[in-house]
Amino acid sequence: FQLEATVLGTTADPMTLFTLKDTMSEGLTYNNDAKVYGVKADDSETDITSDFEITANGQKIDFAANAEILKSDLYDYVTVKVVYTAKVNEKAVMGSTGNPNTVYLEYDNDGDDKHDRTPDDTVIVYTYGVQIYKLDSDGKTPLKGAEFEIADATGKVLEKINEAELNKDSSIMNNFSFDVFNLPQKKRDEIFTTFDNYAKYI
């Protein structure tokens with residue numbers, strides 16, 4: 001995921017609060033790998049992760065600028081960018097409904113208890129379940145001991161299932177889910193168009 005927020009305030013009128021507040025759906029698990037970057041007008045980036053307090057509590061993650069950077073250095077940047085990854089877990093919603101991830105910026109420059117905030121910004125992660133049958137040369141008999149790989153358009157293997165993970169007849173990938181949210185929409189469409197010829201969606 002990539003979150004971005006415009007830097008508000010100046011050294012003459014500094015912010016007292018600048019926190020990106022992110023809420024993931026239950027189908028996503030944070031990988032504890034967030035990095036925070038300050039982005040200047042020329043698009044150059046500086047790692048400022050150490051200037052932010054990152055707090056993960058269940059499905060909520062806060063990225064709060066600390067007091068020191070709020071005094072001056074934050075205003076060297078046009079935007080703040082947060083990059084992190086999350087894994088699709090067993091609670092993921094399959095199909096077109098997807099798994100939403102929502103973020104907003106909470107900010108203040110007067111130190112009171114009433115904070116301002118931006119509107120929610122939501123992106124959706126999609127995952128799908130498929131049943132894939134590998135058949136013998138007759139096109140009807142399940143092939144015993146079959147193994148499967150799912151690869152993207154570049155040939156990178158997204159998932160591999162071996163015989164021990166297959167169900168009882170060793171030839172069907174059942175309720176197998178994988179995420180392709182990191183692929184462009186065109187590539188996702190290509191993958192699922194190909195599946196339509198061989199797979200039953202569940």
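**Exercise 1. Describe the salt bridge between Lys 21 and Asp 62 in this predicted model, and state which parts of the chain this pair links.**

Solution. Step 1: in this predicted model, the closest N and O atoms of Lys 21 and Asp 62 are 2.8 Å apart, and the two residues form a salt bridge. A salt bridge requires a side-chain nitrogen of Lys or Arg within 4 Å of a carboxyl oxygen of Asp or Glu, so the criterion is met.

Step 2: Lys 21 belongs to strand S2 (residues 17–24), whereas Asp 62 belongs to strand S7 (residues 60–65). The two residues are 41 residues apart, and the pair thus links distant parts of the chain.

Step 3: Asp 62 has a relative accessibility of 24% and therefore counts as partly exposed, since that class lies between the limits of 20% and 50%.

**Exercise 2. Locate the salt bridge between Glu 45 and Lys 81, and decide for each partner whether it is buried, partly exposed or exposed.**

Solution. Step 1: the closest N and O atoms of Glu 45 and Lys 81 are 2.5 Å apart.

Step 2: Glu 45 lies in strand S5 (residues 45–47) and Lys 81 in strand S8 (residues 79–83). With their positions 36 residues apart in sequence, this pair also joins distant parts of the chain.

Step 3: Glu 45, at 42% relative accessibility, counts as partly exposed. Lys 81, at 11%, counts as buried, because buried means under 20%.

**Exercise 3. Explain how Lys 71 and Glu 68 are placed in helix H1, and classify their exposure.**

Solution. Step 1: Lys 71 forms a salt bridge with Glu 68, the closest N and O atoms being 3.2 Å apart.

Step 2: both residues lie in helix H1 (residues 67–71); because they are three residues apart, about one helical turn separates them.

Step 3: Lys 71 has a relative accessible area of 51% and is exposed. Glu 68, with 52%, is exposed as well.

Step 4: a search of the whole structure finds four salt bridges; the pair Lys 71 and Glu 68 is one of them.

**Exercise 4. Identify the residues of the patch of negative charge on the surface, and describe strand S11.**

Solution. Step 1: the patch gathers Asp 110, Asp 112, Asp 113 and Asp 116.

Step 2: Asp 116 lies in strand S11 (residues 116–117) and is partly exposed, with a relative accessible area of 41%.

Step 3: Arg 117 lies in strand S11 too and is partly exposed at 42%.

Step 4: leaving aside neighbours within four places in sequence, Arg 117 is in contact with Tyr 104, Leu 105, Glu 106 and Tyr 107. The C-alpha atoms of Arg 117 and Tyr 104 are separated by 6.8 Å, although the residues are 13 apart along the chain.

**Exercise 5. Determine where Asn 66 lies and which residues it touches beyond four places in sequence.**

Solution. Step 1: Asn 66 lies in the loop between S7 and H1 and, at 26% relative accessibility, counts as partly exposed.

Step 2: Asn 66 touches Ser 50, Asp 51 and Phe 52, not counting residues up to four places away. Asn 66 and Ser 50 are 16 residues apart in sequence and 9.0 Å apart in space, C-alpha to C-alpha.

**Exercise 6. Summarise the secondary structure, burial and contacts of the chain.**

Solution. Step 1: the chain has two helices and 17 strands.

Step 2: of its 202 residues, 38% count as buried.

Step 3: among contacts between residues at least 6 apart in sequence, 65% join residues at least 24 apart.

Technical notes. Residues are numbered from 1 along each chain as its sequence is written. This is a predicted model: local features need pLDDT of at least 70, side-chain atom pairs count only at pLDDT 80 or more; totals for chains, interfaces and linings use all residues. Side-chain values use heavy atoms; hydrogens and water are left out. Buried means under 20% relative accessible area, exposed over 50%, partly exposed in between (1.4 Å probe, protein chains only). Patches are made of residues with over 30% relative accessible area and no salt bridge: like charges are joined within 9 Å, nonpolar side chains (Val, Leu, Ile, Met, Phe, Trp, Tyr) within 5 Å. Accessible areas come from the Shrake-Rupley method with a 1.4 Å probe; for residues, only the protein chains shown count as cover. Lys and Arg count as positive and Asp and Glu as negative; His and the chain ends are not counted. The place of a charge is taken as NZ of Lys, CZ of Arg, CG of Asp or CD of Glu. Contact means heavy atoms within 4.5 Å.
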